[in-house]
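Hello,

I am passing a structure over to you, and my notes on it follow below. Have a look at it first, then read on.

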Number of protein chains: 2
Amino acid sequence: MPRATIDDVAALAGVSIKTVSRVVNQEPNVRDATRAKVERAIAELHYRPNLSARNLASQRARVIALIYDDPSAYANPSAYYVIRMQTGVLQACRKADYRLVIYPCNYQNEDIAEELRGLIEHVRPQGVVLAAPLSNMPHILRAIADTGTPFIQLSPGTPGSEQFSVSTNDREISAEMTRYLASLGHHRIAFIKGHPSHKAVNNRFAGYVDGLEQCHLPFDRGLVEQGDNSFESGEAAGKRLLSRADRPTAIFAANDDMAAGVLRAATMRGIAVPGELSVVGCDDISLASQLCPTLTTIDQPLAEMADRAATMLIREAHKPSLPHGSEIVPATIKYRESTGPVPVRRAAAQGAPE
Amino acid sequence: MPRATIDDVAALAGVSIKTVSRVVNQEPNVRDATRAKVERAIAELHYRPNLSARNLASQRARVIALIYDDPSAYANPSAYYVIRMQTGVLQACRKADYRLVIYPCNYQNEDIAEELRGLIEHVRPQGVVLAAPLSNMPHILRAIADTGTPFIQLSPGTPGSEQFSVSTNDREISAEMTRYLASLGHHRIAFIKGHPSHKAVNNRFAGYVDGLEQCHLPFDRGLVEQGDNSFESGEAAGKRLLSRADRPTAIFAANDDMAAGVLRAATMRGIAVPGELSVVGCDDISLASQLCPTLTTIDQPLAEMADRAATMLIREAHKPSLPHGSEIVPATIKYRESTGPVPVRRAAAQGAPE
DNA sequence: GTGAAAGCGCTAACAC
DNA sequence: GTGTTAGCGCTTTCAC
């Protein structure tokens with residue numbers, strides 16, 4: 001049986017197609033009785049509007065495009081990160097009967113900007129949600145802006161551009177994490193920085209410095225190691241830190257992968273966590289709760305950030321233009337097993353600074 | 001500037017829109033010279049066909065829907081699994097200029113069948129790829145079949161339905177894994193079964209039994225434990241197996257999460273892997289390569305399975321109907337650190353069966 | 001090989 | 001409040 005069209009519904013309800021359209025689109029100016037009649041006809045015929053026809057007529061596809069760096073291109077894909085973004089955008093899409101088109105891509109491609117421009121001109125989405133690190137690349141931003149399609153950067157920790165972005169309070173929450181470690185009695189808190197190109201990571205380091213200051217703890221450059229976001233770099237940095245004579249009693253890694261590497265380094269050296277060493281990470285990847293011990297970390301509210309971004313883009317369909325600036329969704333700390341009070345002997349040995 | 005339409009291209013090339021359409025759709029019956037002219041005009045105007053118009057006129061959306069159980073509904077989401085399916089379908093979609101619409105859903109919802117029917121009638125995809133466990137549920141299969149939309153089950157280890165499915169050789173590869181362990185000298189190889197409702201898991205157990213037989217090793221019911229696919233159940237089963245006086249020298253878990261649990265159980269008991277115990281899993285989740293030691297496992301070719309399924313659905317657009325039966329994409333074993341020769345002393349103690 | 005005409009099913013603009 | 005009339009930009013038929 002052929003699917004019912006708006007004409008079938010109109011005929012059955014005894015109204016014009018425009019009235020059916022009004023009911024379907026929840027527009028005003030329809031009498032309740034008429035609306036009820038139409039709704040009955042819709043139900044009876046199992047009518048569902050044809051998306052293509054609707055999109056063609058209204059000149060906009062009810063679609064949000066989510067563009068991100070392809071996780072399958074890496075040996076250790078950040079799959080959970082991607083899934084959470086998808087979940088957030090999908091939440092917003094479902095409410096508004098929009099669809100989600102995902103576009104994982106490789107930001108290192110020569111012609112990535114051209115590729116994305118082509119995608120957008122082809123799909124013509126209502127809006128684009130752009131994840132880091134793509135959202136930090138000027139040529140990509142320019143290409144998307146050129147299409148005239150509204151877009152929002154999903155850049156945890158990348159505030160301050162003139163384009164609208166949704167981000168999280170990386171700096172503040174990192175300071176809070178540092179204060180938490182200090183509150184457990186730790187005075188020698190090390191930090192492992194992430195890949196320099198990732199802006200969020202810089203903010204986390206700034207937050208760490210803030211936190212030390214707020215607790216009146218001295219900043220020791222020797223306790224800061226450079227990593228590159230990978231498990232291996234975390235393990236290497238952990239080894240360096242733990243081989244010091246005056247080794248730290250707590251290590252704060254700028255992401256969970258590196259924190260996992262630190263845990264491995266500690267295990268190999270026979271250093272108990274959290275008995276002799278506290279370790280914290282950032283991101284709350286799924287790994288964090290499966291490690292042994294489970295990892296205290298900062299939960300990036302990625303799903304909610306993505307939901308906000310998509311919701312704004314969808315709302316924008318009816319408004320003149322996006323607001324500028326940045327929206328912040330606060331992160332939270334997940335307290336788990338990898339943190340504990342500073343070990344007694346070492347606490348005594350290291351001496352309080354005051 | 002408004003986007004170029006097919007009319008603009010036709011005007012610039014000095015042909016009819018039908019000819020442009022033929023070129024764009026790679027149809028025959030266009031002279032090379034004409035084709036070149038049209039292609040030049042397309043390039044000059046940066047013409048991209050309007051998807052909505054094309055879909056409306058052709059009565060089919062160039063879309064593949066991928067439906068799977070929502071990973072974000074779980075504490076320990078199988079994100080990597082989902083990403084690999086997406087990657088595979090996307091591969092097929094890109095080749096054919098199709099789009100992917102993802103639809104994670106909760107298979108336990110009361111009205112999930114109705115929900116999916118609504119989705120399909122709304123989106124009207126060219127085809128649907130359905131992942132396990134949704135693909136094992138009769139009421140869902142019925143609902144999708146009712147819509148008349150071609151669909152393919154992506155059911156690792158679920159062969160034999162009359163509907164077309166793409167699966168992998170779970171049983172054979174599990175037998176091979178078992179033979180591999182035997183070839184390392186292991187005679188006491190334990191198996192941890194997964195959740196009974198997951199068909200693939202049953203096939204893996206069958207493969208384990210096959211493998212023992214092929215190596216003339218006795219099947220010992222005492223070496224088979226029941227798990228439920230979770231890390232925790234793997235850890236518990238591992239503890240039970242490792243506390244036996246005649247404990248196994250190798251443990252084969254029906255998935256990687258449980259294998260990770262076994263590793264933890266071994267670590268807690270101070271049993272060295274692979275020195276005193278070999279452990280293998282199945283699925284090659286991202287976790288597998290991050291564990292310590294890294295896990296020997298069976299790599300489910302999920303991306304390729306999904307690619308095949310989507311490719312068939314897209315090809316089906318021009319063919320009368322899908323073939324029936326099942327296509328098999330073979331899995332492969334990833335040899336990593338968690339397996340090794342049987343420990344010498346225990347090998348002597350346990351005695352060879354012949 | 002190529003083109004003219006007729007929709008696909010909806011929304012938008014404007015009557016009434 | 002409701003209906004009428006035009007398209008949206010393509011594909012499809014069928015004529016040449």
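Let me start with a helix pair: helix 6 and helix 7 of chain B cross in a right-handed way (the near helix is turned clockwise from the far one by less than a right angle; helices are DSSP runs of H or I with at least four residues, numbered from the N terminus). The contact joins B:Ile112, B:Ala113, B:Leu116, B:Arg117 and B:Ile120 of helix 6 to B:His139, B:Ile140, B:Ala143, B:Ile144 and B:Asp146 of helix 7, where contact puts C-beta atoms, placed from the backbone, within 7 Å. Those residues divide into 7 nonpolar, 1 polar and 2 charged (Ala, Val, Leu, Ile, Met, Phe, Trp, Tyr, Cys and Pro are nonpolar, Asp, Glu, Lys and Arg charged, the others, Gly among them, polar).

This is a predicted model: local features need pLDDT of at least 70, side-chain atom pairs count only at pLDDT 80 or more, and totals for chains, interfaces and linings use all residues. Residues are numbered from 1 along each chain as its sequence is written, while chains are lettered from A and ligands numbered from 1 in the order written.

Now the DNA. Strand C is surrounded by 24 residues (C-beta atom, placed from the backbone, within 6 Å), and A:Ile6, A:Ser21, A:Ala53, A:Ala57 and B:Ser16 are the closest. Helix 4 of chain A gives the most to this surface, 5 residues.

Around DNA strand D there are 25 residues, the closest being A:Ser16, B:Ile6, B:Ser21, B:Ala53 and B:Ala57. Here helix 4 of chain B supplies the largest share, 5 residues.

Best wishes

How values were computed
Helices (H or I, at least four residues) and strands (E, at least two) are DSSP runs, numbered from the N terminus. Two residues are in contact if their C-beta atoms, placed from the backbone, lie within 7 Å.
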